[in-house]
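Subject: A structure for you to explore

Hi there,

Here is the structure I promised to pass on to you. Have a look at it first, and then read on for what turned up in it.

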Amino acid sequence: MKNFHFLFAAWMAVWAVFFVYELSVASRISKLRDDVESLKRQLKE
Amino acid sequence: MKSRVPITVAVAALIFFGGYAALFIAPDERTMHEIQRIFYFHLGSWAAMFTALTIAFVANIAWLVTRQPRWDWLGVSSVELGVASCTSGLITGVLWGKPAWGIWWTWDARLTTCFILWLLYISYLILRGLIEEPQRRATLSAIFGIFAFLDAPLVYASNRLWRTQHPSPVLMGGKDAGLDPAMGRVLLVTVSAMTVLMLLILAERYRLEKLRHELDELRLAAEVRAAAPDSAAAKELS
């Protein structure tokens with residue numbers, strides 16, 4: 001198992017890329033949803 | 001939202017099983033041993049990338065033909081996922097190259113065309129950020145996206161056309177190519193897991209673009225109302 005650290009790093013990198021990207025999408029959606037709701041309220045007033 | 005829970009659980013189970021199969025079920029490769037197991041995530045990343053970029057290519061053409069905003073939303077969403085998958089493929093490639101070849105990187109045809117593909121789609125995303133007007137942004141980025149996709153078949157064919165440091169293809173690579181059936185089954189699981197994961201995130205990313213469009217329309221309504229509060233247009237937009 002002399003190259004295990006490379007295998008572990010590759011395994012972590014793959015999921016880190018997708019996980020970080022999914023987090024960024026989720027946070028952008030949450031911010032946009034707040035903005036949409038706030039504008040809808042403003043327009044109703 | 002609740003309807004997504006079973007799909008998310010199924011994808012998580014597939015990913016978990018794929019990871020387990022790649023690390024513990026797949027047979028050991030004779031020359032590279034455990035480091036060859038990177039192959040399952042490496043090829044999975046490229047499969048997800050080619051799927052995402054093919055969707056983007058189709059969406060770019062569909063936008064130019066129909067001018068329906070949903071194709072633009074799908075185009076940019078797929079390109080972002082394609083870039084994420086390409087990044088994952090490049091990182092796993094570098095981490096496999098060092099122990100297998102003794103070098104992190106070399107400018108051979110396969111690696112160079114991959115790197116160019118990554119740069120092209122990063123440029124696509126930068127280009128979109130520079131154009132304010134939505135119609136113009138969608139049209140120019142669709143044209144650029146179609147141009148960028150020309151590199152994708154070149155990436156696929158590069159180690160068939162030229163001699164490269166990168167190994168010859170094991171799948172559909174001619175009479176000397178091939179994969180152990182057990183390895184093939186594990187590869188099928190990991191490729192499916194990564195492609196399905198990519199599609200699941202793509203659906204989320206598409207929702208983000210749809211929300212952005214809704215926000216733009218609401219902002220326009222607010223501006224119109226602020227300019228002429230009693231106009232028919234303001235009432236219609238709000």
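Let me start with a question: how are α4(B) and α5(B) oriented relative to each other? Keep in mind while you look that this is a predicted model.

Two packed helices are described by the angle between their axes and the distance between the axes. For α4(B) and α5(B), the packing angle is about 175 degrees, and the axes lie 10 Å apart. Angles over 145 degrees count as roughly antiparallel, and α4(B) and α5(B) are therefore roughly antiparallel to each other. To find the place where they touch, select Leu120(B), Tyr121(B), Tyr124(B), Leu127(B) and Arg128(B) on α4(B); they meet Arg137(B), Leu140(B), Ser141(B), Phe144(B), Gly145(B) and Ala148(B) on α5(B). Sorted by class, this contact contains seven nonpolar, two polar and two charged residues.

Now for the chains themselves. Chain B contains eight helices and zero strands, so to read its elements from the N terminus on is to read α-α-α-α-α-α-α-α. Its C-alpha trace spans about 80 × 40 × 30 Å along the principal axes. Of the 238 residues in chain B, 35% are buried. Take the contacts in chain B between residues at least 6 apart in sequence: 72% of them join residues at least 24 apart.

Chain A has one helix and zero strands. Along the principal axes, its C-alpha atoms fill a box of roughly 65 × 5 × 5 Å. Buried residues account for 20% of the 45 residues of chain A.

A good helix to practise on is α6 of chain B, which covers residues 151-161. Which of its residues are buried? They are Ala152(B), Val155(B) and Asn159(B). Looking down the axis of α6(B), you will see the buried residues fall within an arc of 60 degrees, so they line one face of the helix. On the other side of α6(B), Pro153(B) and Leu161(B) are exposed. The buried residues of α6(B) pack against three helices of chain B: α2 (38-66), α4 (109-130) and α5 (134-149).

How do the two chains meet? In chain A, 25 residues are in contact with 31 residues of chain B. The side of chain A that touches chain B is made up of 18 nonpolar, two polar and five charged residues.

The largest nonpolar core has 64 residues, and those touching the most other members are Ala10(A), Ile38(B), Ala52(B), Val186(B), Met198(B) and Ile201(B). At least two core residues each come from α1 (4-44) of chain A and from α1 (4-25), α2, α3 (69-101), α4, α5, α6 and α7 (181-227) of chain B. The largest share, 14 residues, is supplied by α2(B). Try zooming in on Ala10(A): leaving aside residues up to four places away in sequence, Ala10(A) touches Ile38(B), Phe41(B), Thr92(B), Leu95(B) and Trp96(B).

One last residue to click on is His5(A), in helix α1 of chain A. Is His5(A) buried or exposed? His5(A) has 12 C-beta neighbours inside 10 Å, so it counts as exposed. You can also try the distance tool here: from C-alpha to C-alpha, His5(A) and Ser24(A) are 28 Å apart in space, and they are 19 residues apart in sequence.

Enjoy exploring!

Best wishes

Note on methods:
Residues numbered from 1 in each chain as written. Chains lettered and ligands numbered in written order. Predicted model: local features only at pLDDT ≥ 70, side-chain atom pairs only at ≥ 80, totals over all residues. Contact = placed C-beta atoms within 7 Å. Nonpolar A, V, L, I, M, F, W, Y, C, P; charged D, E, K, R; others polar. Helix = DSSP H or I, 4+ residues; strand = E, 2+ residues; numbered from the N terminus. Arc of directions from axis to C-beta. Axes fitted to C-alpha atoms, helices over the stretch in contact; angles between N-to-C directions. Parallel < 35°, antiparallel > 145°, perpendicular 65-115°, else oblique. Core = buried A, V, L, I, M, F, W, Y, C linked by C-beta atoms within 7 Å.
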